[in-house]
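I opened this entry to keep track of what I looked up in the structure. The notes follow the order in which I checked things.

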Amino acid sequence: MANGRKLWLAGVALLLFPGSAFPGYYFLHYTSATGPFTPAPEKFDLTAQPDGMVRYFVAAQGPSKLAPGDSFESVLSQIRAAADIWSGIQTSALHLVFGGLSSGSAVRSTPGIDVLFDELPPGVVAMAGPTVKGDIVGSPGSPFVPITRAVLILQKDLSEQPSFSQTFFSTVVHEMGHTLGLQHSMTSGAMSTQVTRSTTRSEPLSQDDIAALSWLYPTPEFATRTGTLAGRVTMNGSGVHLASVVAISPGGLAVSALTDPDGVYRLSGLLPGQYYVYVHPLPAALQQGLGPADVVLPVGPGGSAFPPGPVFLTEFYPGTQDVLRAEVLPVAAGVVRQGIDFAVQARGALELYGVTTYSFPGKYAVKPAFLNTNGNRPFLVASGGGLTMNGAATPGLRVIPLGGSLAVPDDGVQAYPPAPDFLQVNFLFNPFSAAGPRHLIFAFDNDLYVLPAALHLVRKQPPSISSVQPFIDEKGRNLAKVIGTGFSASTQVLFDGLPAPVISFDPLDPTNQILTVIPPVGSSTHRAVVSALDPDGQDSLFVDALAPPTYIYDFGVSGSIHINPGSLPAGSEAMVEITGANTHFVQGETVVGFGTSDILVRRVWVLSPTRLLADVRVAPTAAPTVAELTVVTGFEVLSLPCALQTQPANPAGLVVDPRLLNPITNLPSVYAGGQAVLRVNIPVDSLVSLSITLNDEPAIAISISPDGILFTIPPDVGTGPAVLRVVAGSRTSLPVVVQIDPPPPIVLAVYSAPGVAVDASHPAALGQTLIVKVSGLSAPGIDVLVSQLRITVGGVDHVPAGIIPSDIDPDVQLIQFTLSSTVPAGTSVPLEVRVGDRLSSAFLIVVVPAH
Amino acid sequence: MRRTRVARLIVALVSGWVTLHATTLSRLNLDEMVDKSTAIVRARVVATRSELRGSLIYTFYTIQPLERWKGTVSASSEIVILGGEAGGVRQSFAGSPQLAIGDEYVFFLWTGQSGLTQIMGLSQGVFRIQPDGRGGYLACRAASTETLLDPKTGRVVYDETLRMPLVELRSCVKNRVAPARAR
């Protein structure tokens, strides 16, 4: 291998299945050959992305074969749904954006992800992983190895993998995790192998997955909302490398980490609560040259791999194999607790390992196991190393649930009669137990195997759909009635991988409950499999998989698209207009891409079902070429080959950045009558005879500085998209679209109790629930979700508990939140309300310590 | 506690597979590997080279067949494994078999429409041959940690192999291949 710059597709994780890969969490490099060790994980450099987002491109030719009734549009919907899952982690700054369908010749100069369909041999479901250069960058305290490109390969022949299946979806979620820099884990989350994975389409990520990705791409909330446990694993005084340390809560959470070559570990991303902590060895390597459980071993500065540590006995903290003697450790947000150390003992080969659990909600076995505490099948079936022997449960084997939700009776462990090589475990349920995942401990002699989320407790049967009936309502909308059983007001409906918003729920007849939904936009004759997901993790496919209900679209003529302009120079920022015939564009649902990382779509505004505007950036280094346009709305996937030609750069061109900045808040939200900062590509001293227009209305430039042009947005410009043009002397910019938001919200008052305003006489106490009275939270007729809101007090972010509309003024709303204990006390503590990027002015309140 | 008596359950993994396929896991038992392989050989690895094609690297291992148990394999065939080193670029796939030049293996091979010959289930289709210390040979493969249920029979599909005499593996393969030929 040549020295110098090398590209490493390090640790591409192969979903081969069975036991071939249970590695650690990240693809790691260490900056030194000796301790203390600073890990440099492989990850995307978000600052290298023009808008901080990572794009993924899907091969345009798609799979060569599909399952009966399946379609490329369905496959694409599942890929996009998987990407949305990873993008939706609130404590992670990583966001994935669909960059369009791509051909093999598309230029990829900006880091991104390629989803390919290739010929893989039988037995190989999918493969994925990052490509990196070997260079370590970043700060000394946070080094990393930038991912330059990642690849996710799915089987070209999907004839035996229907895209609507949980298997296919969880496979894509899992593989996509590898492209983001995650290796396998062993805590039953999405990044575990299929042996122990306990996620479902309804709960596709575990806390372990969330913590893992958040650690790689943290937001400020990651440190403030979660806690950390840290310590060291040693044997005879020496650190044990690649020991797996797991924090599990009786309530079902589990987060793991691997030790470094010195045996040091750090369990981050723990939600506040009580945890047991245990350490266990990884199974032996299956392939020569790999680490235990086929971990891709961390490497040092010279590229040499650090060898794994010895195998040892599993134990709970502090140094016991009896969970009843294990210590429960409290975890608080923002707190790092050190000194959770283990001194482990050597052992021989593992005897208990790789346990998979199944249950029977209907006629068929389902994995993971879901047990209905109100049902008549209070047992699960398990397979795994060491569980049975000669058709009977291994003598002396004990199965111990963690926590008090359920118990195993004395005779509750036996061979499963229809298949005695499987283990049957019977349970007694605590009638007061909550629903959710539960962990099991399998114990034999002095061997322990802990299976996080071994089963899920639920209180009802899974939903089941009997029929889907399309109809048109009185408003002319195409809707569908999803009829079945086991629904609730929280049931989510999917059409293949796309959610169908539920607009009403009729539960009156328990045998024929009706969810009325808005089907996603479809394409001509598309056939979508309809499924129902419950918040308890259950899926209607648990019982409907053999004959899943479908919805067939009948849109008649397929749509087509056109784009104007048809060419842009390299280095430009410009508006493009896309018009369609027989199209169904929808704001917030329609995505646009050009299949190459050289052309970036910053934002889309849908003006009508057949017209949209988009801001496009062409990379300065883009070579002259033509790009294919893809516009996707639901299942409507429209492509236009040779849509946009990239021309050579115009060095003298005037380029404006459409991302206006509010000079008061320093956020990208501007409003009519307010001020905005506009950045351009030429020196400010050459901006002569400057003219700025918004929707052809002149805007007044106030000042010019190295930061940009400060100007006033015309007061008559309405909210929504506005076309901005700049002329400076003989140079004219290409038009761009800017978003004009409503004015920022205004905090009117803060109350500590009904009618009691916070002031010097009635200060706000830490930990107290407060009510913020605010106006202008949103534009008329638009609801604001709690998830879009943030309240900052003294620099500390708070997530509101709820929004209550005022009875008196429709423009006024009341926001409830609890004052964090980390807010600094004072007599003039600023409180701000933020909706997206719209930030109120500071409202000063008095804060005192808790009573 | 009332123990539920399950008279008959079709024990199949329903992770959404319409065809009640036993596995989301794509685990191949020995019979399946024999049936789906286009060729099965005992061979020695004699050379290797890697090539960058698009965004993927393919490593080609040249093998010298010593015994042909199924299918046609020329005197100097190439097996492809994704990953490797080419043009200063290195790609590694965790769990991929690592073949050593000079070593002998039994390969379960599959040639797809592309014409490339790959190993069945990657490491599943590779058995390393090593002396058993008693004058004979063992065929060794990585252990699996999983067992599956066959949806058609409801019975356990055992994890095959691990270490078995080469003569036994040869016999199993040829017995499986022979009835097919007779048909």
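I count a contact when heavy atoms lie within 4.5 Å. The model is predicted, and I read everything below with that in mind.

**Entry 1: scores.** I looked up the overall scores and found ipTM 0.76 and pTM 0.87. For chain B the mean pLDDT is 71, and 66% of its residues score at least 70. I then went through the elements of chain B. Strand β1 (residues 10-13) of chain B has the lowest mean pLDDT, 32, while strand β7 (residues 104-111) of chain B has the highest, 93. Residues 1-25 of chain B have a pLDDT below 50, yet this stretch makes 84 contacts in the model beyond near neighbours in sequence. Residues 143-161 of chain B also have a pLDDT below 50, with 65 contacts counted in that way.

**Entry 2: chain A as a whole.** I wanted to know whether the radius of gyration of chain A agrees with a compact globule or departs from it. For 851 residues the rule gives a value near 29 Å, and chain A has 28 Å, so the two agree. The C-alpha trace of chain A spans about 90 × 70 × 70 Å along its principal axes. I noted five helices and 69 strands in chain A. Of its 851 residues, 58% count as buried. For contacts in chain A between residues at least 6 apart in sequence, 67% join residues at least 24 apart. The exposed area of chain A is about 31,700 Å², with 55% of it from carbon and sulfur atoms.

**Entry 3: nonpolar cores.** I looked next for the nonpolar cores. The largest has 68 residues, and Val58(A), Ile79(A), Trp86(A) and Leu96(A) touch the most other members. Helix α1 (residues 72-87) of chain A gives this core its largest share, eight residues. I followed Trp86(A) further. Beyond four places in sequence, its contacts include Leu94(A), Leu96(A), Val173(A), Met176(A), Leu180(A), Met191(A), Leu205(A) and Leu213(A). Gly177(A) and Asp209(A) are also among the contacts of Trp86(A). A separate core of 26 residues includes Val576(A), Val604(A), Leu612(A) and Ala643(A). As background, nonpolar side chains tend to be buried together in soluble globular proteins.

**Entry 4: helix α2 of chain A.** I checked the length of helix α2 (residues 166-179) of chain A. At 1.5 Å a residue its 14 residues should span 20 Å, and its end C-alpha atoms are 20 Å apart, so the span agrees. Is this helix enclosed or open? I found 14 of the 14 residues of α2(A) buried, so the helix is largely enclosed by the rest of the structure. Gly181(A) follows α2(A) and has a positive phi, near 115°.

**Entry 5: Met191(A) and helix α3.** I located Met191(A) in the loop between α2 and α3 (207-216) of chain A. Its relative accessibility is 0%, so Met191(A) counts as buried. The C-alpha atoms of Met191(A) and Glu175(A) are separated by 8.2 Å, with their positions 16 residues apart along the chain. Not counting residues up to four places away, Met191(A) touches Trp86(A), Asp209(A) and His174(A), among others. In α3(A), eight of the 10 residues are buried, so I recorded this helix too as largely enclosed by the rest of the structure. Among the buried residues of α3(A) are Asp209(A), Ala212(A) and Leu213(A). The buried residues of α3(A) pack against β3 (39-43), α1, α4 (220-225), β15 (254-258) and β16 (264-270) of chain A.

**Entry 6: Ile803(A).** I found Ile803(A) in strand β65 (residues 802-805) of chain A. Buried requires under 20% relative accessible area. Ile803(A) has 22%, so it counts as partly exposed. Outside its neighbours within four places in sequence, Ile803(A) is in contact with residues including Leu777(A), Val786(A), Leu789(A) and Gln813(A). I also looked up Val758(A), 45 residues away along the chain, and its C-alpha atom is 19 Å from that of Ile803(A).

**Entry 7: chain B.** I closed with chain B, which has two helices and 13 strands. Of its 183 residues, 54% are buried. For contacts in chain B between residues at least 6 apart in sequence, 55% join residues at least 24 apart. Chain B exposes about 8,400 Å², and carbon and sulfur atoms supply 49% of that area.

Conventions
Residues are numbered from 1 along each chain as its sequence is written. Chains are lettered from A and ligands numbered from 1 in the order in which they are written. This is a predicted model: local features need pLDDT of at least 70, side-chain atom pairs count only at pLDDT 80 or more; totals for chains, interfaces and linings use all residues. Side-chain values use heavy atoms; hydrogens and water are left out. pLDDT is the predictor's confidence in each residue, from 0 to 100. Helices (H or I, at least four residues) and strands (E, at least two) are DSSP runs, numbered from the N terminus. A nonpolar core is a set of buried Ala, Val, Leu, Ile, Met, Phe, Trp, Tyr and Cys residues joined through side-chain atoms within 4.5 Å. Buried means under 20% relative accessible area, exposed over 50%, partly exposed in between (1.4 Å probe, protein chains only). The expected span of a helix is 1.5 Å times one less than its number of residues. The radius of gyration is taken over C-alpha atoms; the globule rule is 2.2 Å times the number of residues to the power 0.38. Accessible areas come from the Shrake-Rupley method with a 1.4 Å probe; for residues, only the protein chains shown count as cover.
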